[in-house]
Amino acid sequence: MTKRSRANLSSYAALAFQGGIGVVGLLVILVADIPVQLFGAGILQSMLLGVLGALCTYGALLLLTQIPGLFPDNLGQQMRGLHRFASGYSWFVLLLLSVFAGVGEELLFRGAVQGWLVEHTNTATGVLLASVLFGLVHYASFTYFLVATCLGLVLGAAYAVTDSLLLVMVWHGVYDMLALFFLLRFPEWFGVSVNRKA
């Protein structure tokens, strides 16, 4: 098998995995008859607020990483691993992965899990528990778990306040796109040293 065909297979597997998460989320929503709020105040407003939210959230995280000692364990090691992972894909595949992650993970965690929990407990409990589960699924270290859980709390609260699953899908997808773009374009910001070819 050639290197190119292995990369294509790997790309297909990654896209199928992310797409599968969305299918699972959608099936849970349909089977459990979980009420889902799709557009809140409207499609365009949801999309614009999602992009704005992603820009603000990623900007805040970048600023926080500049505070010495704030992230106690080796976040740089996870960034190097993520850089190696992302470097193996074309920009087109990374864009698709970001879109699939935004749609799929939000269908599952905000639409299905948070929706079910809110219906059976209350909004605060639903947002908190869905966010902790989101953090656990993204566990790479305790710090990464905390970052993912906090992002889950932000997305969960945004969904609860706006009644727009589209908003958090856009927010999540654009956030992932920004994270991958800056990690690959400016790896040194994240403690990743890369030998760039001239």
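**Close-up views of a predicted model**

**View 1. Helix H6 and the residue after it.** Asp 163, with a positive phi near 55°, follows H6. Helices here are DSSP runs of H or I of at least four residues, numbered from the N terminus. The model is predicted: local features need pLDDT (the predictor's confidence in each residue, from 0 to 100) of at least 70, side-chain atom pairs count only at pLDDT 80 or more, and totals for chains, interfaces and linings use all residues. Residues are numbered from 1 along each chain as its sequence is written, and side-chain values use heavy atoms, with hydrogens and water left out. H6 covers residues 142–162, and its end C-alpha atoms are 30 Å apart, which agrees with the 30 Å expected for 21 residues (1.5 Å times one less than the number of residues). Buried residues of H6 (under 20% relative accessible area, 1.4 Å probe, protein chains only) include Phe 145, Leu 151 and Tyr 159.

**View 2. The crossing of H5 and H6.** The two axes, fitted to C-alpha atoms over the stretch in contact, come within 7 Å and cross at roughly 145°, an angle taken between N-to-C directions on a scale from 0 to 180 degrees. Among the residues that meet (heavy atoms within 4.5 Å) are Val 127, Leu 128 and Phe 134 in H5 and Ala 148, Gly 152 and Leu 153 in H6.

**View 3. Ser 11 in helix H1.** Ser 11 sits in H1, residues 3–31, and is buried at a relative accessible area of 9%. Beyond its neighbours within four places in sequence, Ser 11 contacts Tyr 89 and Val 93.

Key: Helix = DSSP H or I, 4+ residues; strand = E, 2+ residues; numbered from the N terminus. Buried < 20%, exposed > 50% of the residue type's maximum accessible area, 1.4 Å probe, protein only.
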